[in-house]
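Trainee: Please choose a single part of this model and take me through it slowly, explaining each term as it comes up.

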Amino acid sequence: MRTTVPTWREVRSTQALFEDDAVLVLNKPAGISVMGERHGTDLVELAEEAGEELFPAHRVDKVTSGVVLFAKDLATHGGLTRQFNKRTVDKAYLVVTRTAGLPDRGTVDLPLSVGRKNRVRIAAAREDIRFDEEEGRWWVAEGDLLDVKNYPSTTRFRTLWSDGGYSVLVALPVTGRRHQIRVHLAWIGHAILGDPLFDKAAAAAGARTHLHSWRLGFDASWLDGSRIEAVADPDEDFWQPLAGVLSADTVAGLLSEGARVAGPVES
(Lines give C-alpha, C1' and ligand atoms only; values in the text may rest on other atoms or scores of the structure.)
Protein backbone atom coordinates (compact mmCIF):
# COMPACT_ATOMS: atom_id res chain seq x y z
CA MET A 1 0.00 0.00 0.00
CA ARG A 2 1.24 3.50 -0.86
CA THR A 3 3.00 5.24 2.04
CA THR A 4 4.19 8.40 0.24
CA VAL A 5 2.01 11.04 -1.39
CA PRO A 6 2.41 11.19 -5.17
CA THR A 7 2.75 14.45 -7.05
CA TRP A 8 -0.14 15.58 -9.23
CA ARG A 9 2.12 15.25 -12.27
CA GLU A 10 2.76 11.61 -11.32
CA VAL A 11 -0.94 10.88 -10.91
CA ARG A 12 -1.80 12.62 -14.16
CA SER A 13 0.89 10.93 -16.22
CA THR A 14 0.45 7.39 -14.92
CA GLN A 15 -3.17 7.02 -13.80
CA ALA A 16 -5.38 8.84 -16.32
CA LEU A 17 -7.92 6.48 -17.91
CA PHE A 18 -9.97 9.00 -19.89
CA GLU A 19 -9.97 12.75 -20.33
CA ASP A 20 -11.69 15.39 -22.42
CA ASP A 21 -12.71 19.02 -21.89
CA ALA A 22 -15.44 18.05 -19.40
CA VAL A 23 -14.14 15.16 -17.25
CA LEU A 24 -11.08 13.36 -15.98
CA VAL A 25 -11.19 9.67 -15.02
CA LEU A 26 -8.32 8.38 -12.86
CA ASN A 27 -7.18 5.00 -11.57
CA LYS A 28 -6.78 6.05 -7.94
CA PRO A 29 -4.01 4.36 -5.93
CA ALA A 30 -5.03 2.83 -2.60
CA GLY A 31 -4.07 4.96 0.37
CA ILE A 32 -4.92 8.45 -0.87
CA SER A 33 -8.27 10.19 -0.41
CA VAL A 34 -10.29 11.71 -3.20
CA MET A 35 -11.15 14.82 -1.15
CA GLY A 36 -11.77 16.06 2.39
CA GLU A 37 -8.65 14.49 3.93
CA ARG A 38 -8.24 16.03 7.39
CA HIS A 39 -4.85 14.54 8.23
CA GLY A 40 -2.99 14.51 4.92
CA THR A 41 -3.27 15.25 1.25
CA ASP A 42 -6.03 14.29 -1.15
CA LEU A 43 -6.35 14.27 -4.94
CA VAL A 44 -8.49 17.39 -5.13
CA GLU A 45 -5.92 19.27 -3.03
CA LEU A 46 -3.02 17.98 -5.14
CA ALA A 47 -4.79 19.15 -8.28
CA GLU A 48 -5.60 22.53 -6.76
CA GLU A 49 -1.99 23.07 -5.73
CA ALA A 50 -1.03 22.40 -9.35
CA GLY A 51 -3.56 24.97 -10.59
CA GLU A 52 -6.39 22.57 -11.59
CA GLU A 53 -9.88 22.58 -10.12
CA LEU A 54 -11.72 19.23 -10.07
CA PHE A 55 -15.12 18.15 -8.71
CA PRO A 56 -15.54 14.47 -7.71
CA ALA A 57 -18.76 12.97 -9.06
CA HIS A 58 -18.88 10.07 -6.56
CA ARG A 59 -17.24 8.64 -3.45
CA VAL A 60 -14.37 6.17 -3.43
CA ASP A 61 -12.89 5.39 -0.01
CA LYS A 62 -9.28 6.22 0.78
CA VAL A 63 -8.40 2.54 1.15
CA THR A 64 -10.07 1.64 -2.16
CA SER A 65 -8.14 1.70 -5.41
CA GLY A 66 -9.47 2.12 -8.92
CA VAL A 67 -11.75 4.21 -11.11
CA VAL A 68 -12.83 7.64 -9.88
CA LEU A 69 -14.63 10.25 -11.97
CA PHE A 70 -14.03 14.02 -11.77
CA ALA A 71 -15.85 16.86 -13.50
CA LYS A 72 -13.91 19.91 -14.62
CA ASP A 73 -16.80 22.34 -14.08
CA LEU A 74 -19.88 22.57 -11.89
CA ALA A 75 -22.40 22.20 -14.74
CA THR A 76 -20.89 18.86 -15.77
CA HIS A 77 -20.62 17.82 -12.12
CA GLY A 78 -24.35 18.40 -11.59
CA GLY A 79 -25.26 16.22 -14.56
CA LEU A 80 -22.98 13.41 -13.43
CA THR A 81 -24.20 13.40 -9.83
CA ARG A 82 -27.78 13.20 -11.11
CA GLN A 83 -26.82 10.03 -12.99
CA PHE A 84 -25.49 8.50 -9.78
CA ASN A 85 -28.63 9.55 -7.89
CA LYS A 86 -30.85 8.01 -10.60
CA ARG A 87 -28.72 4.83 -10.63
CA THR A 88 -28.03 4.98 -14.35
CA VAL A 89 -24.28 4.60 -13.77
CA ASP A 90 -22.80 1.09 -14.11
CA LYS A 91 -20.45 0.27 -11.22
CA ALA A 92 -18.44 -2.88 -10.60
CA TYR A 93 -15.87 -3.55 -7.86
CA LEU A 94 -13.46 -6.43 -7.37
CA VAL A 95 -13.09 -7.89 -3.89
CA VAL A 96 -10.83 -10.44 -2.20
CA THR A 97 -12.04 -11.98 1.07
CA ARG A 98 -10.21 -14.40 3.35
CA THR A 99 -13.33 -16.52 3.55
CA ALA A 100 -15.26 -19.10 1.58
CA GLY A 101 -18.80 -20.40 1.49
CA LEU A 102 -20.53 -17.57 -0.32
CA PRO A 103 -23.12 -18.56 -2.94
CA ASP A 104 -22.30 -18.18 -6.63
CA ARG A 105 -24.48 -15.10 -6.65
CA GLY A 106 -26.11 -13.12 -3.88
CA THR A 107 -27.83 -9.92 -2.81
CA VAL A 108 -27.17 -8.09 0.45
CA ASP A 109 -30.30 -6.03 1.09
CA LEU A 110 -29.53 -4.50 4.48
CA PRO A 111 -30.22 -0.87 5.49
CA LEU A 112 -27.33 1.12 6.89
CA SER A 113 -27.22 3.57 9.77
CA VAL A 114 -24.55 5.80 11.31
CA GLY A 115 -23.57 5.05 14.89
CA ARG A 116 -21.10 6.38 17.41
CA LYS A 117 -18.02 8.19 16.08
CA ASN A 118 -19.71 8.39 12.67
CA ARG A 119 -19.28 4.66 12.11
CA VAL A 120 -21.46 3.04 9.46
CA ARG A 121 -23.24 -0.13 10.55
CA ILE A 122 -26.25 -2.26 9.67
CA ALA A 123 -29.44 -0.74 11.12
CA ALA A 124 -30.25 -3.94 13.02
CA ALA A 125 -28.67 -6.39 15.44
CA ARG A 126 -26.41 -8.93 13.76
CA GLU A 127 -28.49 -11.84 15.07
CA ASP A 128 -31.57 -10.42 13.31
CA ILE A 129 -30.02 -10.62 9.85
CA ARG A 130 -31.77 -13.35 7.85
CA PHE A 131 -30.56 -15.34 4.87
CA ASP A 132 -32.82 -16.77 2.19
CA GLU A 133 -30.79 -19.66 0.78
CA GLU A 134 -33.03 -20.10 -2.26
CA GLU A 135 -32.70 -16.46 -3.31
CA GLY A 136 -29.17 -15.97 -1.99
CA ARG A 137 -30.41 -12.85 -0.18
CA TRP A 138 -29.54 -11.34 3.18
CA TRP A 139 -32.25 -9.14 4.65
CA VAL A 140 -33.80 -7.94 7.88
CA ALA A 141 -37.47 -7.69 8.83
CA GLU A 142 -38.95 -4.21 9.23
CA GLY A 143 -39.80 -4.92 12.86
CA ASP A 144 -36.18 -5.79 13.67
CA LEU A 145 -34.75 -2.46 12.52
CA LEU A 146 -33.19 -0.31 15.22
CA ASP A 147 -34.96 2.90 16.19
CA VAL A 148 -32.51 5.06 14.23
CA LYS A 149 -32.50 6.79 10.86
CA ASN A 150 -31.64 4.17 8.25
CA TYR A 151 -30.74 4.19 4.58
CA PRO A 152 -31.95 1.38 2.27
CA SER A 153 -28.84 -0.22 0.77
CA THR A 154 -28.39 -3.04 -1.71
CA THR A 155 -25.25 -4.78 -3.00
CA ARG A 156 -25.31 -7.62 -5.52
CA PHE A 157 -22.31 -9.87 -6.04
CA ARG A 158 -21.03 -12.82 -8.01
CA THR A 159 -18.39 -15.22 -6.71
CA LEU A 160 -15.78 -15.52 -9.46
CA TRP A 161 -13.42 -17.91 -7.67
CA SER A 162 -12.86 -19.59 -4.30
CA ASP A 163 -10.40 -22.20 -3.07
CA GLY A 164 -11.87 -22.83 0.37
CA GLY A 165 -9.65 -20.18 1.97
CA TYR A 166 -9.99 -17.08 -0.17
CA SER A 167 -12.69 -15.81 -2.51
CA VAL A 168 -12.72 -13.32 -5.38
CA LEU A 169 -15.98 -11.46 -5.95
CA VAL A 170 -17.35 -8.88 -8.33
CA ALA A 171 -19.59 -6.56 -6.31
CA LEU A 172 -22.30 -4.48 -7.98
CA PRO A 173 -23.58 -1.76 -5.63
CA VAL A 174 -27.14 -0.79 -6.53
CA THR A 175 -27.16 2.06 -4.01
CA GLY A 176 -24.06 4.11 -3.26
CA ARG A 177 -23.86 4.57 0.50
CA ARG A 178 -20.64 5.37 2.33
CA HIS A 179 -18.68 2.15 3.12
CA GLN A 180 -21.58 0.12 1.72
CA ILE A 181 -19.72 -2.83 0.20
CA ARG A 182 -17.31 -3.01 3.13
CA VAL A 183 -20.03 -3.03 5.80
CA HIS A 184 -22.38 -5.34 3.90
CA LEU A 185 -19.76 -8.03 3.39
CA ALA A 186 -18.40 -7.78 6.92
CA TRP A 187 -21.81 -8.08 8.56
CA ILE A 188 -22.65 -11.26 6.65
CA GLY A 189 -19.33 -12.75 7.80
CA HIS A 190 -17.14 -12.11 4.74
CA ALA A 191 -15.10 -8.99 5.48
CA ILE A 192 -12.83 -7.67 2.73
CA LEU A 193 -9.22 -8.74 3.16
CA GLY A 194 -7.15 -5.99 4.82
CA ASP A 195 -10.09 -3.71 5.60
CA PRO A 196 -9.05 -1.52 8.57
CA LEU A 197 -12.69 -1.09 9.61
CA PHE A 198 -12.83 -4.77 10.57
CA ASP A 199 -9.21 -5.99 10.65
CA LYS A 200 -7.14 -3.91 13.08
CA ALA A 201 -4.09 -6.15 12.66
CA ALA A 202 -4.06 -5.52 8.91
CA ALA A 203 -4.39 -1.80 9.49
CA ALA A 204 -1.50 -1.80 11.97
CA ALA A 205 0.67 -3.73 9.51
CA GLY A 206 -0.07 -1.25 6.72
CA ALA A 207 -1.67 -3.89 4.53
CA ARG A 208 -3.77 -2.67 1.63
CA THR A 209 -7.50 -3.20 1.46
CA HIS A 210 -8.49 -5.57 -1.34
CA LEU A 211 -11.38 -3.54 -2.72
CA HIS A 212 -10.96 -2.12 -6.22
CA SER A 213 -13.25 0.18 -8.21
CA TRP A 214 -12.97 -1.73 -11.47
CA ARG A 215 -15.52 -0.55 -14.03
CA LEU A 216 -17.58 2.62 -14.38
CA GLY A 217 -20.03 3.45 -17.17
CA PHE A 218 -21.74 6.84 -17.53
CA ASP A 219 -23.43 8.99 -20.17
CA ALA A 220 -21.58 11.99 -21.62
CA SER A 221 -24.28 14.54 -22.48
CA TRP A 222 -21.57 16.83 -23.84
CA LEU A 223 -20.68 14.10 -26.37
CA ASP A 224 -24.19 13.65 -27.81
CA GLY A 225 -25.03 11.28 -24.94
CA SER A 226 -22.29 8.77 -25.78
CA ARG A 227 -21.66 6.10 -23.15
CA ILE A 228 -18.18 6.15 -21.64
CA GLU A 229 -16.90 2.91 -20.11
CA ALA A 230 -13.82 3.31 -17.90
CA VAL A 231 -11.97 0.17 -16.84
CA ALA A 232 -8.97 -0.15 -14.51
CA ASP A 233 -7.75 -3.70 -14.05
CA PRO A 234 -6.14 -4.10 -10.61
CA ASP A 235 -2.37 -4.24 -10.35
CA GLU A 236 -0.22 -7.05 -8.97
CA ASP A 237 -0.51 -5.66 -5.44
CA PHE A 238 -4.23 -6.44 -5.43
CA TRP A 239 -3.57 -10.09 -6.35
CA GLN A 240 -0.53 -10.51 -4.07
CA PRO A 241 -2.29 -12.64 -1.39
CA LEU A 242 -3.13 -15.13 -4.15
CA ALA A 243 0.31 -15.18 -5.75
CA GLY A 244 1.26 -18.76 -6.52
CA VAL A 245 -2.40 -19.77 -6.42
CA LEU A 246 -3.82 -17.85 -9.37
CA SER A 247 -1.89 -17.88 -12.62
CA ALA A 248 -1.93 -14.93 -15.01
CA ASP A 249 -4.23 -16.92 -17.31
CA THR A 250 -6.60 -17.66 -14.42
CA VAL A 251 -6.72 -13.96 -13.45
CA ALA A 252 -7.45 -13.04 -17.07
CA GLY A 253 -10.28 -15.57 -17.08
CA LEU A 254 -11.73 -14.16 -13.85
CA LEU A 255 -11.68 -10.65 -15.28
CA SER A 256 -13.35 -11.85 -18.46
CA GLU A 257 -16.10 -13.60 -16.50
CA GLY A 258 -16.49 -10.61 -14.19
CA ALA A 259 -16.90 -8.28 -17.17
CA ARG A 260 -19.57 -10.58 -18.58
CA VAL A 261 -21.70 -10.51 -15.44
CA ALA A 262 -21.16 -6.83 -14.56
CA GLY A 263 -24.12 -5.60 -16.57
CA PRO A 264 -26.16 -2.41 -16.01
CA VAL A 265 -27.43 -1.87 -12.48
CA GLU A 266 -31.20 -2.30 -12.33
CA SER A 267 -33.24 0.39 -10.66
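Mentor: Let us start with the whole chain, which has seven helices and 14 strands; here helices (H or I, at least four residues) and strands (E, at least two) are DSSP runs, numbered from the N terminus. This is a predicted model, in which local features need pLDDT of at least 70 and side-chain atom pairs count only at pLDDT 80 or more, while totals for chains, interfaces and linings use all residues. Residues are numbered from 1 along each chain as its sequence is written, and side-chain values use heavy atoms, with hydrogens and water left out. The protein chain has a radius of gyration of 18 Å, which agrees with the value near 18 Å that a compact globule of 267 residues would have; this radius is taken over C-alpha atoms, and the globule rule is 2.2 Å times the number of residues to the power 0.38. Of the 267 residues, 51% are buried, where buried means under 20% relative accessible area, exposed over 50%, and partly exposed in between (1.4 Å probe, protein chains only).

The part I have chosen is helix α3, which runs over residues 74-86 and has 13 residues. From its first C-alpha to its last, α3 reaches 18 Å, close to the 18 Å expected at 1.5 Å a residue, the expected span being 1.5 Å times one less than the number of residues. At the start of α3, a side-chain oxygen of D73 comes to within 3.2 Å of the backbone nitrogen of A75, whereas after α3 comes R87, whose phi is positive, near 65°.

Within the helix, T76, G78, L80, Q83 and F84 are buried. What covers these buried residues includes five strands, namely β2 (23-28), β4 (65-71), β5 (90-97), β13 (211-220) and β14 (226-231), and cover of this kind is counted through contact, meaning heavy atoms within 4.5 Å.

One of these covering strands, β2, can be followed a little further. Strand β1 (residues 16-19) pairs with β2 in the antiparallel sense over three bridges, and two strands pair if DSSP finds at least two bridges between them. In this pairing F18 stands opposite V25 in β2, and the two strands form a hairpin with three residues between them. To place all this in the wider chain, among contacts between residues at least 6 apart in sequence, 65% join residues at least 24 apart.

Definitions and conventions
A polar contact is a pair of N or O atoms within 3.5 Å; within protein, one must be able to donate a hydrogen and the other to accept it, and residues adjacent in sequence count only if both atoms are side-chain atoms.
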